[in-house]
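Please open the structure in your viewer and keep the selection tool at hand. The tour goes from one selection to the next and says what is to be found at each stop.

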Amino acid sequence: MDQNQLILLIERAIKARTDLFDNRHETAFRLFNGFFEGYSKLVIDIFASTVVFHDYSESPSNSALLLKTVEEYLTNQLPWIKTVIIKTREATDPKSRNGIIVKGEKADNRIRENGIWYAIDLLLNRDTSFYLDTQNLRHWIINNLKDKSVLNTFAYTGSLGVAAQAAKANLVVQLDISRNFLNVAKTSYTLNGFPINKKDFQAGDFWTQVAHFKRREETFDVVIVDPPFFAVSSKGKIDLVNESHRIINKVRPLINNNGYLIAINNAIFVSGTEYYQSLENLCRDGYLKIETLIPVPEHFTGYKETINTQPLVDPSPFNHSTKIAILSVKKKSLQNKNIQNDE
């Protein structure tokens, strides 16, 4: 694709997102999703006054001139952009994969969404430290988890837990294997004036920590599971393609009666029908029920007038490969437990 064609695609994407630009330039959204909007080698995100290019080119050196053209176009059309970062996904060195500032002196370190501040560290790793595809889920959390106790597993930088804290949940436990990621969550708490209790930020292996909760008979009104699509540790394996039910079954005992399980599956090659069927299978015992599906926001998927590429796998009944479901939980009665033990 030549540079003029790409600029036309990006121009169309900007026009579709006009209402997302805030006067103070504090928000975050996906400006161009090349996978669906016409050029799969490039994705562009806005974080306050910083723009992030995700370069998916197989030969990054060949894309340098094209990216420079896009950079010049964007900074001309959006003169409030102060910093430009390029994350080269196929780079051999970690620094280029994590991102290099090519314009400006420093990246923004916070964004605002639904009136809540979220700390970001755009150079922390290959991702941007903040998942734009779960924006609608954060909105749901803010509106539904008041006075709830919440366990946010695979918390990453804790944005879903921050949303729960903003909802005035009575307890939010953030669990992730990386203390560095949890430190970003703590900064979000500070930005919003939320109290920081060190015991509520737990760095450790998912399998080990969940086992600890079970032994201590600690339960929660809500458990959030947003794992990577594949990971292996000495304690267990995560495989969202073949065994997504294992994670859900692992945390079910931790959820109080009439609580919620928030399940996220981001495996690209798992169809929406396949994942939904796996959830229905889990619900057959009558103790789980699919309450609602949370769509990914349009700025992330692309808009009707900008989408010109179909997904590799049909996500329906979800609208994206990031498949988000809210399940309600019923606990087995003590009587049923006794009957099962007798059997």
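What follows is a series of stops, each beginning with something to select.

Before the first stop, please note that this is a predicted model, in which local features need pLDDT of at least 70 and side-chain atom pairs count only at pLDDT 80 or more, while totals for chains, interfaces and linings use all residues. Residues are numbered from 1 along each chain as its sequence is written, and side-chain values use heavy atoms, with hydrogens and water left out.

**Strand 4 and its partners**

Select residues 83-88, which make up strand 4; helices (H or I, at least four residues) and strands (E, at least two) are DSSP runs, numbered from the N terminus. Six of the six residues of this strand are buried, so strand 4 is largely enclosed by the rest of the structure; here buried means under 20% relative accessible area, exposed means over 50%, and partly exposed lies in between, with a 1.4 Å probe and protein chains only. In a regular strand the side chains alternate between the two faces of the sheet. In strand 4 both faces are covered, with Thr 83, Ile 85 and Lys 87 buried on one side and Val 84, Ile 86 and Thr 88 buried on the other.

Now add residues 50-55, which are strand 3, and follow its parallel pairing with strand 4 over six bridges; two strands pair if DSSP finds at least two bridges between them. Within this pairing, Val 52 stands opposite Ile 85 of strand 4. From strand 3 the chain passes through helix 3 (residues 60-77) to strand 4, and this β-α-β crossover is right-handed, meaning that, with the strands pointing away from the viewer, the path from the first strand over the helix to the second runs clockwise. Add residues 100-103 as well, since strand 5 pairs with strand 4 in the antiparallel sense over three bridges, and Lys 103 in strand 5 is the bridge partner of Val 84.

**Glu 113**

Next select Glu 113, which belongs to strand 6 (residues 110-113). Is Glu 113 buried or exposed? Its relative accessibility is 5%, so Glu 113 counts as buried. The side chains of Glu 113 and Arg 138 are joined by a polar contact of 2.6 Å; a polar contact is a pair of N or O atoms within 3.5 Å, where within protein one must be able to donate a hydrogen and the other to accept it, and residues adjacent in sequence count only if both atoms are side-chain atoms. Leaving aside neighbours within four places in sequence, Glu 113 is in contact (heavy atoms within 4.5 Å) with Tyr 118, Phe 130, Gln 135 and Arg 138.

**The seven-stranded sheet**

Turn to the open sheet of seven strands, which stand in the order 10-9-8-11-14-16-15 with mixed pairing. Strand 10 (201-203) and strand 15 (288-294) are at the edges, each with a single partner strand, so one side of each is left without a neighbour in the sheet. At one of these edges, strand 9 (residues 171-176) and strand 10 pair in the parallel sense over three bridges, and Asp 176 stands opposite Ala 203 in strand 10. Helix 6 (residues 159-166) packs on the sheet, where it touches strand 8 (149-153), strand 9, strand 11 and strand 14, and its direction makes about 175° with that of strand 9; axes are lines fitted to C-alpha atoms, for helices over the stretch in contact, and angles run from 0 to 180 degrees between N-to-C directions.

**The nonpolar core**

Select Phe 47, Leu 137 and Ile 141, which have the most contacts inside the largest nonpolar core, a set of 38 residues; such a core consists of buried Ala, Val, Leu, Ile, Met, Phe, Trp, Tyr and Cys residues joined through side-chain atoms within 4.5 Å. The largest share of this core, five residues, comes from helix 6. Among the residues in contact with Ile 141, leaving aside its neighbours within four places in sequence, are Leu 160, Ala 163, Ile 224 and Ile 262.

**Backbone details**

Most residues other than glycine have a negative phi, and most peptide bonds are trans. Select Ala 48, in the loop between strand 2 (42-47) and strand 3, where phi is positive at about 60° although Ala 48 is not a glycine. Finally, select Ser 316 and Pro 317, whose peptide bond is cis, with omega near 15°; Pro 317 lies in the loop between helix 11 (298-301) and strand 16.
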